[in-house]
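Visitor: Pick out the charge pairing in this one and take me through it closely, please. Then tell me how it sits in the rest of the fold.

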Amino acid sequence: MFGNRAIRGAADIVLTLLVVSILSFLLMRISPIDPAEAFAIRNTMNPSDDMIADLRQELGLDGSLIRQYVSWLGNAFRFDFGKSLMNNKPVLDEFAATIPFTFRIVALSAMLQALGAVSLGCLGYWLRDRWSGSIVRALMIGGVSLPGFYLATSYLDIVAVKLHWISVVGGQGMLNVWNPALCLALPMAAFYGRMLTGMLVKEMDEDYVMYARCQGLHENYILLRHGLPHVLLALLPNFMQSIGFTVAGATIIEQIFSVPGIGNVIITSVINRDAPMIHFSILLLAAVFMLTSRMSDAVRIGLNRETSGGNRE
């Protein structure tokens, strides 16, 4: 049973990545800007048609789309994704140098999201019947509605330009990670905090909670010892799946904070029509989404088994 599910999951991942890579090549072909022409313009003020044609042949862009894709796919199976058209360095080396920056930002952002969501969720539950609870709900709705890029630019304008607490072009060490991670975490923390509040309200109306109240247990003890763990386990698969969106959001936030992460490489490669870098970046983002989705499914299946086993007992 488990083996069949694993095989189907692996086949699904491979098929999805193949479709994504095909779409990547199709989008590059229908684009009005030719990568060879863009490369020639960057290195020569006024390149001739013959120069562009020779360059296209040298870069392997002169064949049909199918031929180019088959050649790229064969090399990809050997983990050879070509060389960047900008600096002639291997694509994997370029991304390997930037992944640690993005990983630290995403990891710290996930931690801040979890802490923020739990804090806002519990606060929203405790204040649900008070006027201050309306303020908390409004703040969470506002946080969900606020785009990440707008939050990042506003954060820089206030904290860096007006208050001079940080550098406009990013800080060093922990500041280089903290600022973009915080801007990534706030909207997601507000989203899950709002969801957590609603789930806690329903969970605290369950029969076992009423029985615990009848035993004289304190409301906060019941919430933190029983209600909150149940809700967090139910919310965990969705939270893990959202890590992929955090990675995608980091590509924009990194550019705003001048962080040399994956986002900086992706945006630079798109601007300069660096085809090998674009193909791999799209494949990488798709792989991240697939991985987080599969992890989410695995956690959901495990939780369902635990719940079923507990019910049988």
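Guide: Let's fix some vocabulary before we zoom in: a residue is buried when its relative accessible area is under 20%, exposed when it is over 50%, and partly exposed in between (1.4 Å probe, protein chains only). You're looking at a predicted model, where local features need pLDDT of at least 70 and side-chain atom pairs count only at pLDDT 80 or more, while totals for chains, interfaces and linings use all residues. Residues are numbered from 1 along each chain as its sequence is written, and side-chain values use heavy atoms, with hydrogens and water left out.

Now the pairing itself. Searching the whole structure turns up 4 salt bridges, where a salt bridge is a side-chain nitrogen of Lys or Arg within 4 Å of a carboxyl oxygen of Asp or Glu. Start with Asp-12 and Arg-294, whose closest N and O atoms come out 2.0 Å apart. Asp-12 sits in helix α1 (residues 2-30) and Arg-294 in helix α14 (residues 275-312), so this pair ties together parts 282 residues apart in sequence. Helices here (H or I, at least four residues) and strands (E, at least two) are DSSP runs, numbered from the N terminus. Is Arg-294 buried, exposed or partly exposed? Arg-294 has 28% relative accessibility, so it counts as partly exposed. Asp-12, at 31%, also falls in the partly exposed class.

Two further pairs are worth a click. Arg-128 and Asp-129 meet in a salt bridge at 4.0 Å, N to O. Of these two, Arg-128 is partly exposed at 32% relative accessibility, whereas Asp-129 is exposed at 69%. Then there's Asp-157 with Lys-162, where the closest N and O atoms are 3.6 Å apart. Asp-157 is partly exposed at 33%, and Lys-162 is exposed at 57%.

Follow that last pair into helix α8, which covers residues 148-162. Its 15 residues reach 20 Å from first C-alpha to last, close to the expected 21 Å (that is, 1.5 Å times one less than the number of residues). Several α8 residues face away from solvent: Leu-151, Ala-152, Tyr-155, Leu-156, Val-159 and Ala-160 are buried. After α8 comes His-164, with a positive phi near 60 degrees.

Helix α8 also takes us to the packing. The largest nonpolar core (buried Ala, Val, Leu, Ile, Met, Phe, Trp, Tyr and Cys residues joined through side-chain atoms within 4.5 Å) has 38 residues, and Leu-200 and Phe-257 have the most contacts inside it. At least two residues of this core come from each of α6 (99-126), α8, α9 (175-203), α10 (207-214), α11 (219-241) and α12 (243-256). A second, separate core has 13 residues, among them Tyr-69, Phe-81, Val-265 and Ile-266.

A couple of loop residues deserve a look too. Most residues other than glycine have a negative phi. Ser-258, not a glycine, has a positive phi of about 55 degrees; Ser-258 lies in the loop between α12 and α13 (262-271) and is partly exposed at 42%. Asn-88, with a positive phi of about 65 degrees, is in the loop between α4 (65-76) and α5 (91-96), and is exposed at 53%.

Stepping back, the protein comes to 14 helices and 0 strands. Its radius of gyration is 25 Å, well over the 20 Å from the globule rule for 313 residues, so the protein is more spread out than a compact globule. (The radius is taken over C-alpha atoms, and the rule is 2.2 Å times the number of residues to the power 0.38.) The C-alpha trace spans about 85 × 60 × 30 Å along its principal axes, and buried residues make up 39% of the 313.

One note from the record: an unreviewed UniProt entry annotates "transmembrane region" at residues 12-30, 101-127, 139-165, 177-196, 231-257 and 277-295. UniProt positions follow the numbering used here, feature names are shortened, and annotations may be inferred rather than shown by experiment. In the model, residues 277-295 are 100% helix and 0% strand, with end C-alpha atoms 27 Å apart. Residues 231-257 are 93% helix and 0% strand, and their end C-alpha atoms lie 35 Å apart.
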